[in-house]
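Visitor: I should like to learn how to read the features of a protein model. May we look at one together?

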Amino acid sequence: MRARIWHLVMVAIVTILSGCKGFWDPPPSPTPKSSSGVFYVLNRKALQIEGFTIVSGSIRSVAGSPYSLSSEPIAVALSPSGHFVYVSTSAGIFLFRAGNSGTLTLANGGAVISSDPAEAMQVAPGGLWLLEAVSGSGTLSAIPLDYTTGLPADGASAQSVALPSSNVPQLAMSPSNSTHPYLFVAMAAHGTAVIPFSAGNTNPLGAIRTIPVMSSTGEATAVAVDVANRLLFVGETAALPGTQSGGVRVFDITSNIGELSDSPYRTGGTGPAAILATEYYVYVANKSVSGSTKGNIAGFAITETGSEYSLTTLSSIAAGIATVGLAEDNTLTYIAAANSGGGPDLNVYTFDSSTHGKLDSVTTGSIDAGANQAVAIAATP
């Protein structure tokens, strides 16, 4: 009789726990690929775009790479289709068309499609808007696009709003599965802007609200949204006390952007500069770590229990000096980090075969010997 009761209790416990998404079952592991998708990294010193793939653990340049630019590059964004690559420079924004193998061809007769030197850019889901944030002027603009050509749409006007800050290092937006999409803009000491976005409107930009920084001495330097459109991640330089003051704050988008009770989470560095958020994990790159010349990448597992979310800290891994960007290739096998201070210019990682979410180093590379001027990185979706 006791054995029968104990069996029923165990069945009940398993039933309850198995219904808690993210608690009972570990996330599935992707099947590793020997060859990656295409990465693009901007080289400020050499005025170039470097295109590369990972083949059997080695970095291989795509045909025709590097591609020359006429002025210093600042930011890069790809269309959801992967057919168009937008490169912001000090002279404005150029459009490139991407071939099947990642080769680039300059479009629009070599002329800029916008004169704005955008500090941060992203193409909206659907490919009908290019969102750009310009430091100095503190302007956020939405440029309507022709989906078939990637060029600004004929007969439609760009829409702009003034941000509360002239320093706008990054922006991110809700993914394509969002029913209530937002734009999020990191604004340094002014915190993070939250802007409703309606792609079907002539002016898609809504009223701005602001998430203040945790500390008056800190800055919001990085933003990202997970691909399942549940969580907003904000990297701040003074989110936590102590020598390694960098941290990531986490907000539940589904609950009117409320901050998680355990937030912020310590990232083990002093300058969060890039965040890569997947469905199950989030990775935060610190430009620097106190006591070291190099930065690191801190990993976290995203746990969903009922309607509650939390992060579990994974082991961190070393990066180069002053990491400025993270990108995951479309085979979900490799993550690349671009380091503006070199040491090396590029770090390439893959996922550990036995520990879910843990990153293992694959290889390192140089974009231009002695240049040490990688400023941005993106991968073909």
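Visitor: How many helices and strands does the secondary structure of the protein chain come to?

Guide: This is a predicted model, and that should be kept in mind throughout. The protein chain has one helix and 31 strands.

Visitor: What does the radius of gyration say about the protein chain?

Guide: The general idea is to set the value beside the one expected from chain length. Here the radius of gyration is 21 Å, close to the 21 Å that the globule rule gives for 381 residues, so the chain is as compact as a globular protein of that length. Along the principal axes, its C-alpha atoms fill a box of roughly 85 × 45 × 45 Å.

Visitor: What share of the residues is buried, and what share of the contacts joins residues 24 or more positions apart?

Guide: A residue is called buried when its relative accessible area is under 20%. In the protein chain, 52% of the 381 residues are buried. Of the contacts with a separation of 6 or more, 47% are between residues 24 or more positions apart.

Visitor: How is the surface described, and where do the charges lie?

Guide: The accessible surface is about 15,900 Å², and carbon and sulfur atoms account for 53% of it. There are 15 positive and 23 negative side chains, with the centres of the two sets 8 Å apart.

Visitor: Let us turn to single residues. Is Thr221 buried or exposed?

Guide: The cut-off for burial, under 20% relative accessible area, decides the matter. Thr221 has a relative accessible area of 17%, so this residue is buried. Thr221 belongs to strand 17, which covers residues 220-225. A polar atom of its side chain lies 2.3 Å from the backbone oxygen of Pro272. Beyond residues up to four places away in sequence, Thr221 touches several others, including Pro169, Gln170, Gly235 and Ala273.

Visitor: Where is Thr267 found, and which residues are in contact with Thr267?

Guide: Thr267 sits in the loop between strand 21 (265-266) and strand 22 (272-277). Its relative accessible area is 3%, so Thr267 counts as buried. Outside its neighbours within four places in sequence, Thr267 contacts residues among them Gly246, Val248, Pro272, Asn296 and Phe300.

Visitor: Which strand holds Val324, and how far apart in space are Val324 and Gly110?

Guide: Val324 is in strand 27, residues 323-328. Val324 and Gly110 are 214 residues apart in sequence, and their C-alpha atoms are 27 Å apart in space. Apart from neighbours within four places in sequence, the contacts of Val324 include Ala273, Lys287, Ser340 and Val375.

Note on methods: Residues are numbered from 1 along each chain as its sequence is written. This is a predicted model: local features need pLDDT of at least 70, side-chain atom pairs count only at pLDDT 80 or more; totals for chains, interfaces and linings use all residues. Side-chain values use heavy atoms; hydrogens and water are left out. Helices (H or I, at least four residues) and strands (E, at least two) are DSSP runs, numbered from the N terminus. The radius of gyration is taken over C-alpha atoms; the globule rule is 2.2 Å times the number of residues to the power 0.38. Buried means under 20% relative accessible area, exposed over 50%, partly exposed in between (1.4 Å probe, protein chains only). Contact means heavy atoms within 4.5 Å. Accessible areas come from the Shrake-Rupley method with a 1.4 Å probe; for residues, only the protein chains shown count as cover. Lys and Arg count as positive and Asp and Glu as negative; His and the chain ends are not counted. The place of a charge is taken as NZ of Lys, CZ of Arg, CG of Asp or CD of Glu. A polar contact is a pair of N or O atoms within 3.5 Å; within protein, one must be able to donate a hydrogen and the other to accept it, and residues adjacent in sequence count only if both atoms are side-chain atoms.
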